[in-house]
Amino acid sequence: MTDVQELLLSRIRDVADYPEPGVMFKDITPLLADPAAFTALTDALAEIVERTGATKVVGLEARGFILGAPVAVRAGVGFIPVRKAGKLPGATLSQAYDLEYGSAEIEVHAEDLSAEDRILIVDDVLATGGTAGAAIQLIRRAGAEVAGLAVLMELGFLAGRARLEPALGGAPLEALLVV
């Protein structure tokens, strides 16, 4: 494990039985509150932007906004929020996807993406891959290329990587930590 990985992991707090009994929630707010850890995280994700040749960062609501925006600034590229349905004004593209119980929908401003764009999707956690998979579809429907997916933490036991790799079509999926 690298020094950066050790720093990041040391700032993630386990919260037992949240949001329901039997779940061990990984709370990243202590990491965000620590300027050295947050800077190390931002730098590590910005390196992935540069390595993948991404021209824009897409952040997935909501913690993907917190991580993606400073990463885009650090890497010198644009930032695009992908929001829950009904949160963006103006013309949007939407993508529905299935959740464990029910379904959800995400949206992006249609004019924010073009065929010239290479998009790195950024989020805090890769769990089952549902939201990220919908974002991949949405980005491609907008005509842009998916340069990859980068997350702070992958919950390996939920098998999101196996679900997403076919959709990524060879684009990298990079997790700074796997738990």
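These legends walk through a handful of close-ups of a predicted model.

**View 1. Tyr 18 and Phe 25, one of the model's 2 aromatic pairs.** Searching the whole structure turns up 2 aromatic pairs. In this one, the ring centres of Tyr 18 and Phe 25 sit 5.2 Å apart and the planes meet at 80 degrees, so we call it edge-to-face. How accessible are the two partners, Tyr 18 and Phe 25? Tyr 18 is partly exposed, with a relative accessibility of 45%. Phe 25 is partly exposed too, at 24%.

**View 2. Phe 65 meets Phe 79 edge-to-face.** Here the ring centres are 6.4 Å apart, and the planes make an angle of 85 degrees. Phe 65 belongs to helix H4 (residues 63–75) and Phe 79 to strand E4 (residues 78–84), so this pair ties together parts that are 14 residues apart in sequence. Phe 65 comes out partly exposed, with a relative accessible area of 22%. Phe 79 is likewise partly exposed, at 28%.

**View 3. The loop between E1 and E2, with a cis bond at Tyr 18 to Pro 19.** Zooming in on the backbone, the peptide bond leading from Tyr 18 to Pro 19 is cis, and its omega is near 5 degrees. Pro 19 sits in the loop that runs between strand E1 (13–16) and E2. Asp 17 is also found in the loop between E1 and E2. Although Asp 17 is not a glycine, its phi is positive, at about 60 degrees.

**View 4. A cis peptide bond from Glu 61 to Ala 62.** No proline in this one: the bond runs from Glu 61 to Ala 62, with omega near 0 degrees. Ala 62 lies in the loop between strand E3 (56–60) and H4.

**View 5. Glu 154, a buried residue in strand E8.** Is Glu 154 buried or exposed? With a relative accessible area of 7%, Glu 154 is buried. Strand E8, where Glu 154 is placed, covers residues 145–154. The side chain of Glu 154 makes a polar contact of 2.7 Å with the side chain of Arg 161. Leaving out residues up to four places away in sequence, Glu 154 also touches other residues, including Leu 126, Leu 173, Ala 175 and Val 179.

**View 6. The largest pocket and its lining.** Its volume is about 1400 Å³. How many residues line the largest pocket? There are 36, and those nearest the centre are Arg 63, Val 125, Ala 127, Thr 128 and Leu 158. By type, the lining splits into 22 nonpolar, 5 polar and 9 charged residues. Several elements each chip in at least two residues, among them strand E5 (92–99), strand E6 (102–109), helix H5 (130–141) and E8. E7 supplies the largest share, with 4 residues.

**View 7. Ala 159, between E8 and helix H6.** Ala 159 sits in the loop that links E8 with helix H6 (160–168). This is another backbone to check: Ala 159 is not a glycine, yet its phi is positive, at about 60 degrees. Ala 159 is partly exposed, with a relative accessible area of 33%.

**View 8. Ala 115, exposed in a loop.** Ala 115 is placed in the loop between E6 and E7. Its relative accessibility is 61%, so Ala 115 counts as exposed. From Ala 115 to Thr 52, the C-alpha to C-alpha separation is 16 Å, and the two are 63 residues apart in sequence.

Notes:
Residues are numbered from 1 along each chain as its sequence is written. This is a predicted model: local features need pLDDT of at least 70, side-chain atom pairs count only at pLDDT 80 or more; totals for chains, interfaces and linings use all residues. Side-chain values use heavy atoms; hydrogens and water are left out. Rings of Phe, Tyr and Trp (its six-membered ring) pair if their centres lie within 6.5 Å; planes under 30 degrees apart count as stacked, over 60 as edge-to-face and the rest as tilted. Buried means under 20% relative accessible area, exposed over 50%, partly exposed in between (1.4 Å probe, protein chains only). A polar contact is a pair of N or O atoms within 3.5 Å; within protein, one must be able to donate a hydrogen and the other to accept it, and residues adjacent in sequence count only if both atoms are side-chain atoms. Contact means heavy atoms within 4.5 Å. On a 1 Å grid over the protein atoms alone, a cavity is a set of points where a 1.4 Å probe fits but cannot get out, and a pocket is an open set with protein on both sides within 12 Å along at least five of seven lines; lining residues have an atom within 4 Å of a point. Grid points are joined across faces, edges and corners, and a volume is the space filled by probe spheres set on the points. Ala, Val, Leu, Ile, Met, Phe, Trp, Tyr, Cys and Pro count as nonpolar, Asp, Glu, Lys and Arg as charged, and the others, Gly among them, as polar.
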